[in-house]
Amino acid sequence: MRFAPTEDQLAFADAIRGFLSRACPAEAVREAWETGTPPAVWKGLGELGLLTLLAPEELGGGGSELELFAAFDEVGRAAAPGPIVETAAVAVPLLARFAPELLTVETVAAGVSATTTAVMPYACSGAGLLLGEELRLVDLADVERPGPALDDSRAVVSLPDDVLRGASVLASGAEAAAAVATARHRA
Amino acid sequence: MDLVESAADHEFRLEARDWLQHNRPAESLPSPDASREAFEANRAWERVLFEAGWAAVSWPVEYGGRGLGLWEWMIFEEEYFAAGLGPRAAQNGMFLLAPSLFEFGTEAQKAALLPRIAGVEDMWAQGWSEPEAGSDLAGVRVNARRDDAAGGWRVNGQKTWSTRAPFCNRLFALVRTDPESTRHHGLSYLLIDLEAPGVTVRPVRKLGDQIGFGEIFFDDVFVSDADVLGEVGQGWKVAMATTGSERGLILRSPGRFLASAQRLVDLCRKTPDASAAQRRDVTEAWIRAQAYRYGGMKTMTRIAEGGSIGAESSINKVFWSEMDVRAHEIALDLLAERAEIDTDWWHGFITSMATPIFAGTNEIQRNIVAERVLGMPRSGR
């Protein structure tokens with residue numbers, strides 16, 4: 001047993017840290033209160049491979065949760081705005097397993113948020129996962145811009161009933177419930 | 001002891017309730033600290049209040065009041081907050097400056113200033129804190145130099161953390177008039193015109209985006225002898241009358257917390273899945289607000305019988321500020337994931353977080369309680 005990050009995991013976290021210290025200083029976080037996730041931060045994290053770390057190898061994945069968690073330390077340190085945890089730790093592995101046809105470069109580029117209730121953070125993402133007994137997907141493209149929130153960079157919105165009703169079921173049953181539970185714990 | 005409202009008091013309560021019901025603004029008002037527009041909207045409403053004789057229930061009629069007592073004031077405040085109305089744009093002048101004016105003002109000062117406070121013609125900000133002095137007011141450095149030829153003082157230095165200063169036209173401030181003095185000696189209480197030459201007010205944006213907060217710079221600002229409240233060098237004593245009111249009852253009337261506790265109860269009723277522990281928290285918050293009300297009644301009885309608020313006001317300050325924070329924590333807990341987007345409650349929460357700090361930090365208040373109420377040895381400073 002070795003309960004410590006490997007050299008590679010540390011190097012990955014260092015790369016994330018270096019990138020965020022340049023691309024996501026305090027001013028960028030403040031700007032995100034007005035304008036949402038900074039595109040340069042989202043794009044850069046994508047290029048570094050953070051968002052798709054848990055995807056299949058052909059999509060740039062093949063990493064493990066250990067790299068992911070070391071990198072999340074750095075995301076938290078920079079207070080980087082965006083559905084980073086939602087996309088990388090929740091949506092990507094769930095889509096890879098239950099709806100691989102939806103897991104495309106475009107989907108990840110638009111961001112995928114997730115919630116366990118009807119209150120969705122990062123409503124400016126392309127889509128959002130509803131993590132209940134079933135795994136469901138909502139299209140966030142037509143959801144109205146959120147009103148003020150405690151942290152405006154999180155773009156939190158209470159999803160209207162018609163949007164919730166229009167959600168498509170990606171997976172249900174015991175296997176889905178277990179995978180959702182794992183994703184919830186991971187997030 | 002008699003805790004039952006007299007028939008006359010009850011009649012007054014119903015009169016106030018009825019008037020507020022028929023005259024309150026149709027739309028609920030924004031916080032007067034939010035923006036210039038919000039401030040002016042509150043001021044316009046407070047003018048309506050004044051013209052109907054409700055602005056200052058406990059002040060003599062000649063100063064713009066209703067000529068009634070503190071009991072009626074407390075009843076009016078309960079009805080005011082229960083009607084969904086919030087803290088007033090004019091509260092610093094009404095509740096912080098006026099008590100010192102009544103106690104230390106000359107007849108001329110009282111006649112000139114009090115009706116303008118009640119009538120929201122003058123809007124007052126408080127000039128206590130400085131970059132190097134806050135809860136410990138004895139550290140004040142803003143200085144006033146004697147100008148005998150002009151018959152007054154020349155003020156230089158900086159005040160800070162002044163609520164609504166960017167929207168106000170006047171400032172009551174504690175400044176050092178004796179350059180040789182230290183601590184709380186040699187201070188004077190000045191009434192400064194914020195539109196005078198040499199005054200610069202810079203807004204400071206608060207967490208929650210309100211801009212009714214600011215820092216004030218004085219560059220040789222002239223203040224005439226007529227605008228010194230109390231005697232020169234006695235500013236500490238004069239300020240203590242204000243501070244007693246601020247920390248004590250007047251700034252935080254029980255009505256405010258009763259209304260807030262009621263909103264919490266309403267929220268809990270609308271939260272069907274509230275746990276037993278959450279319902280217990282709400283009940284305790286409601287009981288605390290009732291206890292604060294009875295504590296207030298005790299204080300007012302003492303004042304009515306010729307006593308004063310004194311150092312016990314520090315107990316009050318610690319109590320109401322902790323009560324305010326706790327009530328908001330309970331509300332956010334009930335709201336769960338909706339807490340982030342319920343503007344009223346989260347905004348109230350971040351505002352409440354400042355209450356253990358402002359009006360003298362709770363650490364300073366606890367020192368005062370230890371030394372002056374409990375008679376414990378002085379702390380090392």
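The paragraphs below walk through one helix, several charged pairs and a surface patch in chain B of a predicted model. Local features are described only where pLDDT is at least 70 and side-chain atom pairs only at pLDDT 80 or more, while totals for chains, interfaces and linings use all residues. Residues are numbered from 1 along each chain, chains are lettered from A, and side-chain values use heavy atoms, with hydrogens and water left out.

A good starting point is helix 2 of chain B, residues 36-51, where a helix is a DSSP run of H or I with at least four residues, numbered from the N terminus. Its 16 residues should span 22 Å at 1.5 Å a residue (the expected span being 1.5 Å times one less than the number of residues), and the end C-alpha atoms are 23 Å apart, which agrees. The buried residues of this helix, meaning those under 20% relative accessible area with a 1.4 Å probe and protein chains only, are B:A38, B:F39, B:N42, B:W45, B:E46, B:L49 and B:F50. They cover an arc of only 150 degrees around the axis (judged from the directions from the axis to the C-beta atoms), which puts them on the same side of helix 2 of chain B. On the other side, B:E37 and B:E51 are exposed, a word that stands for over 50% relative accessible area, with partly exposed in between. Helix 2 of chain B is followed by B:G53, whose phi is positive, near 80 degrees.

Charged side chains come next. Side chains of opposite charge can pair when their charged atoms come close. The structure holds 33 salt bridges over all chains, each being a side-chain nitrogen of Lys or Arg within 4 Å of a carboxyl oxygen of Asp or Glu. One of them joins B:D33 to B:R164, with the closest N and O atoms 2.7 Å apart. B:D33 lies in the loop between helix 1 and helix 2 of chain B and B:R164 in the loop between strand 3 and strand 4 of chain B, so the pair ties together parts that are 131 residues apart in sequence. Both B:D33 and B:R164 are buried.

A further salt bridge pairs B:E107 with B:K110, at 3.4 Å between the closest N and O atoms. These two residues are 3 apart in helix 5 of chain B and are therefore separated by about one helical turn. B:E107 is exposed, with a relative accessible area of 56%, whereas B:K110 is buried, at 12%.
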